[in-house]
Each structure stands twice: as structure tokens, then as C-alpha cells.
Amino acid sequence: MRYLNWCLIGIFLCSIIVTGCATTTATQAFETDESQVQLRSIQTRAFDTIDKSIMMQVVISTLQDLDFVIDKADYTIGSVTGSKFLSNTLVKMTVTVRPRGEKQLIVRANAQYGTHTLVDPEEYQNFFTLLGKSLFLTAHEVD
Amino acid sequence: MKRFIWLTIVGVSTLFFIGCATVPKDILKPSEDYLAIRQIQMRKYDTTDQEMMISAVAGVVQDLGFTIDESESEIGLVVASKEAEAINAGEVTLAVIADILSAIGGTYTDHTSDADATQRVRASVITKPSLEGNNTVVRVTFQRIVWSFDGEINKMETVKEEEIYQIFYDYLSKAVFLEAHKI
């Protein structure tokens, strides 16, 4: 009898974990850990330059320095997408460049590690620091 | 009974870890040798003719048997890929020997199916004017996925072997010469 009780407890615990990690599968793709505003501020920086062409070139070389292979780039949209492998897991990253007013460019980056969206502010800070170094410019936080 | 409790705890915690795998740190931090790798992947050409350079690059990837997946001339980007064999005779021989030895020992193993069989190599090439504006800089990066004989992914990696990049640039130097002479 006690054996049966323990079995039930085991099944109960397992089901808590299984249901805890899954709602319907389609909505899982739209779940985010951070608020929209928070995520934007983590992933976005403004730079004091209006040279989109140079900015995109530097974005590309920064991604390459981080071991990314460039998959796609579009000058009109200002987007660059790259991918790399980290211990058999695919890391994908998109960076977009667009003007902000008449004196600045806004750079936004977002990355995915396997099925996880990268939300750690420190990671994005590392990226923007390297980007700023290559540009000889400071990355400004965007409010 | 105690053993059963322990097994339940271990099982449940395993499920927990599988369900919520974590993301490693420093994904967007350059490796210590990134400047050395940049040197291997990059060359400077004595021309300001961007259009000629990007067509030379497109010609080289075709020379090497790659097909072009993506290109954006305004940025100077060409992405190409190629499927190739990845069979290493030494590795296969060792795998076969290991399987035979296990068979003799009375156990069944199948190391041979796990050996590298095919690969897809992807090349991404960027051409751009140098900072001084009087040269063109080319940077190529290669990436590959290797599959075993039974179709499992064995490896996913950035190619770091210097000789591979050297082959590409030997071809490119020749192509630039050919383009200049309209061959």
C-alpha cells in the first residue's frame, strides 16, 4: 500500500513539472520572459553617426569576430542575420540598423540559442561594447 | 523502499533539468584568438572596383563547386554552400575494427554507422572598401555540418583550418587576375 502511495506522489510530481513547462505548443512560440519595453532597451543602442553603410559593415565584421557566419543582409531594411554553432547548438542573431532623427542611428540586436531567446542584458552589452570599439563610438542607452 | 524514494527524486530532478535547460554564458563575447582568426579570414586587394571584386568572388565559389544561396551586392555579400563527402578512411577502419572486436567478444556495437560520412559546407563572403578607401577588403567565413552514415549530426562547427582559407584566396587572386583580363 505504501509503495502505491509513493508511486502516486511520483506521478503527481512529474505531472506538475510537465504541465508547468507547457501550455499549448503554438503559444509557446510567442512567450517572452521580459516585457516588450524591457527587451527593447536591453537589445537597442543609439550611436552618434548617420552613415548607415559604415554601420552595417561594422555590424557584419563584429558578427564575424563573434564567429557568426552571415546568412542574409539587406541594405534597404538595414538588417543582417548571422548564425554560429556552439557545442552543436545553433545560435542565430539578427541586427537591424535604422535612422533616429537626423544625427543618430539605432542598432537593435536579438539572438537565439537553440530554442531559447537570449534575454541576458550582459550578453547584449558585450555585443554593443565590441561594436562600439570597432566604430570608435560610444553606445548610448535608449529610453 | 528507501531506494525507490531516491530513484523518484533523481528521476524528477532529471525531468526538471531537461525541461528547463539553461543558456551558457558569454555567447556574444569574442574568443581570445578572434584577432588571429580575423587575419586568417581576411585579405586586402589592390583595387577599388567593388563590382569586379564581388563578381570575382561569385566566380570563385562556383569554381570551388558551391552554389549561391544568397547575395546582396549593395553590401557585398555572397553566401554559398556545397554538399561533400566527409569520409576519413582511418576513422572508418578503426570503427570497423572496434565493431569486429566487440563481435568477437560477444557484444554488438555499431561504431561504423557513427563515423563521419557527409558534410555541408557554407561559405559567407563579404567585400567592402578598406577604411582608407583605396583598397578592397574581403573576408570569408566557412561553417560546416557533418553527418554520420546513419544520418545523425556528428559535428557543427566554424572551419578554422588556415589552409582552407588559403585555398579560397589562391583561387580569388587568380579570379581577380582573370576578371581584370576579361577571361
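Begin by selecting helix H4 of chain A and strand S4 (116–129) of chain B, since each of these elements supplies at least two residues of the lining of the largest cavity. This is a predicted model, and what follows describes places in that model. The structure holds 1 cavity of 30 Å³ or more, and the volume of the largest cavity is about 30 Å³. To display its walls, select Ser61(A) and Gln64(A) in one chain, and then Met42(B), Ile126(B), Lys128(B) and Arg139(B) in the other. If you colour this lining by type, you will find 2 nonpolar, 2 polar and 2 charged residues.

**From the cavity to a pocket**

Keep Ser61(A), Met42(B) and Lys128(B) on the screen and add Arg38(B) and Leu131(B), because these five, out of 22 lining residues, lie nearest the centre of the second largest pocket. The space in this second largest pocket comes to about 620 Å³. Which elements each supply at least two residues of its lining? In chain A they are H4 and H5, and in chain B they are H2, S1, S4 and S5. Helix H4(A) gives the largest share of this lining, with 5 residues. Coloured by type, the lining of the second largest pocket shows 9 nonpolar, 5 polar and 8 charged residues.

**Helix H2 of chain B**

Next, select helix H2 of chain B, which runs through residues 34–41, and pick out its buried residues, Tyr34(B), Ile37(B) and Gln41(B). Why do these residues lie on the same side of H2(B)? They cover an arc of only 60° around the axis, and this is what places them together on that side. To see what covers the buried residues of H2(B), show parts of both chains: the cover includes helix H4 (52–65) and helix H5 (121–135) of chain A, and also strand S1 (42–45), strand S5 (136–148) and helix H6 (162–180) of chain B.

**Where the two chains meet**

Now zoom out until both chains are in view, and select the residues through which they touch: 44 residues of chain B are in contact with 42 residues of chain A. The size of an interface is often given as the accessible area lost when the parts come together. Here chain B and chain A bury about 4000 Å² between them, and 64% of this lies on carbon and sulfur atoms. Select Ile27(B), Leu28(B) and Met156(B), for these supply 19% of the area that chain B buries against chain A, more than any other three residues.

**Stops in chain B**

Return to chain B and go to the loop between S4 and S5, where you will find Ser130(B). Is Ser130(B) buried or exposed? Its relative accessibility is 5%, and so it counts as buried. Apart from neighbours within four places in sequence, the residues that Ser130(B) contacts are Lys44(B), Asn135(B), Thr136(B) and Val137(B).

A second serine to select is Ser102(B), which sits in helix H4 of chain B, residues 89–104. With a relative accessible area of 13%, Ser102(B) is buried, and, once neighbours within four places in sequence are set aside, it is in contact with Thr107(B) and Thr109(B).

From there, move to Asp110(B), in the loop between H4 and helix H5 (111–114) of chain B. Asp110(B) counts as partly exposed, at 33% relative accessibility. If you draw a distance line from its C-alpha atom to that of Ala98(B), 12 residues away along the chain, the separation is 8.6 Å.

**Chain A as a whole, and two of its loops**

Finally, show chain A alone as a cartoon, in which 5 helices and 7 strands can be followed. Traced along the sequence, their order is α-α-α-β-α-β-β-β-β-β-α-β. Of the 143 residues in chain A, 42% are buried. Among the contacts in chain A with a separation of 6 or more, 52% join residues 24 or more positions apart.

Two loops of this chain complete the tour. In the loop between H4 and strand S2 (69–74) of chain A, select Asp67(A), whose phi is near 80°, a positive value in a residue other than glycine. Then select Ser87(A), in the loop between strand S3 (79–86) and strand S4 (89–100) of chain A. Phi of Ser87(A) is also positive, near 40°, and this residue too is other than glycine. At 66% relative accessibility, Ser87(A) counts as exposed.

Definitions and conventions. Residues numbered from 1 in each chain as written. Chains lettered and ligands numbered in written order. Predicted model: local features only at pLDDT ≥ 70, side-chain atom pairs only at ≥ 80, totals over all residues. Heavy atoms only, no water. Buried < 20%, exposed > 50% of the residue type's maximum accessible area, 1.4 Å probe, protein only. Helix = DSSP H or I, 4+ residues; strand = E, 2+ residues; numbered from the N terminus. Arc of directions from axis to C-beta. Contact = heavy atoms within 4.5 Å. 1 Å grid on protein atoms, 1.4 Å probe; cavity = no way out; pocket = protein on both sides within 12 Å on 5 of 7 lines; lining within 4 Å. Points joined across faces, edges and corners; volume = space filled by probe spheres on them. Nonpolar A, V, L, I, M, F, W, Y, C, P; charged D, E, K, R; others polar. Buried area = accessible area lost by both parts, 1.4 Å probe.
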